[in-house]
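Student: Could we go through this structure together? I would like to learn how its descriptive terms are earned.

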Amino acid sequence: MVKICCIGAGYVGGPTMAVIALKCPSIEVAVVDISAARIAAWNSDQLPIYEPGLDEIVKQCRGKNLFFSTAVEKHVSEADIIFVSVNTPTKTQGLGAGKAADLTYWESAARMIADVSKSNKIVVEKSTVPVKTAEAIEKILTHNSKGIKYQILSNPEFLAEGTAIEDLFSPDRVLIGGRETPDGQKATQALKEVYAHWVPEDRIITTNLWSAELSKLAANAFLAQRISSVNAMSALCEATGANISEVAHAVGKDTRIGPKFLNASVGFGGSCFQKDILNLVYICECNGLTEVANYWKQVIKVNDYQKNRFVNRVVSSMFNTVSGKKIAILGFAFKKDTGDTRETPAIDVCKGLLGDKAQLSIYDLQVTEDQIKRDLSMKKFDWDHPIHLQPMSPAAVKEVSVVWDAYEATKGAHGICILTEWDEFKTLDYKKIFDNMQKPAFLFDGRNVVDVEKLREIGFIVYSIGKPLDAWLKDMPAMA
């Protein structure tokens, strides 16, 4: 019986291992983590992450061939294949601060593997790591090997949150990078056989180690670039009276471009896009490729510009001050169908409004009050460290209240900002909301989910990203 162990019970490790356990009943899968609270949650009825379909799979396999445990060393020493999906945050100090990946957690995992292993191991990089991490890990393992052989593989994940289970069931591709030596090829084949239980052969791609590591960064950079491209166009649409939805639809009809990832919004979020591009920028700079680094930097600059532009629209529309005004924030997660708030544009928008002394009332379907307050009081990049190493009690953000209902959030508000495209926000009773707001009532749609004309008929002053401007907004500066 093949034994698999995954170090790190987060957004990647949990769902991936649950699906491997489901599809490969003959393989024993253990997910280990040093956080006792997180493992307890995986063993309970309230899983630590929300992902459609995940609950059923975990309940079906848990205790049969899927185990969640804090006995890290025991499971690592027994495993044939070890997946490592630990945090790889952006460094906040020292060499490469603000760009380079911090491999502290990775390195300590590698040293622990070397310490406890008594048999040959295949070690698989699952978390997003900078190119050449495999080489560093290989050195740590071989210098501490005590005669044990290690093969390093890179098997980056391409999951999208909200559809992770579907993505795992029928992936566009599974990428496995390994050494081009006989032992390396053997290890690649062993991992390929695991995925072949349910993934068609032609979708399993094998490459060298560096190609696999770089493909992950490149894929995320390309996706983020599309969002920044359409967001840059949205600013031009507002200035000229064009409609970004029409432009994006026309552009997306070109089969070479395609329609996906062309929704203008307040900006992209999520744990990977910004981090991976910063990483890519750093690697380019280290290799003397300044022009390439500058090219990718712009993707993040446009994203930051889009968030600032949104905040400026809100403040300038409301008589250039939001001080003491109640503003309803609908949606805090970085996209719908997930409770994940990592790098969500809502953080920067809320901080911008709080900086102008607004009173915020926040409603999200999945995000807890504790998480929202933690996010609003955390420094940049802090979120990417294990929870027990994050700053403890969040300084109570006085001007923020978190409520569990959209009507409660909007009652008595001067303005509404829609920051996540939850389906519920398309079907709210906006007439009822309008009647309970201060007038003039403003609605700033950061996700283009509402019917602008209908809302204007009700009486709202509406700003929708990349759409022709309300007469009210025409004289207002877009950027302060």
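Tutor: Happily; we will take a few terms in turn, keeping in mind that this is a predicted model.

Student: Why are helix 12 and helix 13 called oblique to each other?

Tutor: Their axes, which come within 9 Å, cross at roughly 40 degrees. Angles under 35 degrees count as roughly parallel, and 65 to 115 as roughly perpendicular. The crossing fits neither range, and therefore helix 12 and helix 13 are oblique. Their crossing is right-handed.

Student: Which residues of helix 12 and helix 13 make the contact?

Tutor: Helix 12 brings Lys-307, Phe-310, Val-311, Val-314 and Val-315, while helix 13 brings Pro-345, Asp-348, Val-349, Gly-352 and Leu-353. By class, that contact has seven nonpolar, one polar and two charged residues.

Student: What makes Ser-35 count as buried?

Tutor: Buried means under 20% relative accessible area. Ser-35 has 14% relative accessibility, so Ser-35 counts as buried. You will find Ser-35 in the loop between strand 2 (28–32) and helix 2 (36–42).

Student: How do you know that the side chain of Ser-35 makes a polar contact with the backbone nitrogen of Arg-38?

Tutor: A polar contact needs a suitable pair of N or O atoms within 3.5 Å. Here a polar atom of the Ser-35 side chain lies 3.1 Å from the backbone nitrogen of Arg-38, and that distance is within the cut-off.

Student: At what angle do the axes of helix 9 and helix 11 cross?

Tutor: Roughly 115 degrees, and the axes come within 9 Å. Helix 9 passes helix 11 in a left-handed crossing.

Terms used:
Residues numbered from 1 in each chain as written. Predicted model: local features only at pLDDT ≥ 70, side-chain atom pairs only at ≥ 80, totals over all residues. Heavy atoms only, no water. Axes fitted to C-alpha atoms, helices over the stretch in contact; angles between N-to-C directions. Helix = DSSP H or I, 4+ residues; strand = E, 2+ residues; numbered from the N terminus. Parallel < 35°, antiparallel > 145°, perpendicular 65-115°, else oblique. Left-handed = near helix turned anticlockwise from the far one by under 90°. Contact = heavy atoms within 4.5 Å. Nonpolar A, V, L, I, M, F, W, Y, C, P; charged D, E, K, R; others polar. Buried < 20%, exposed > 50% of the residue type's maximum accessible area, 1.4 Å probe, protein only. Polar contact = N/O pair within 3.5 Å; in protein donor to acceptor, adjacent residues only side chain to side chain.
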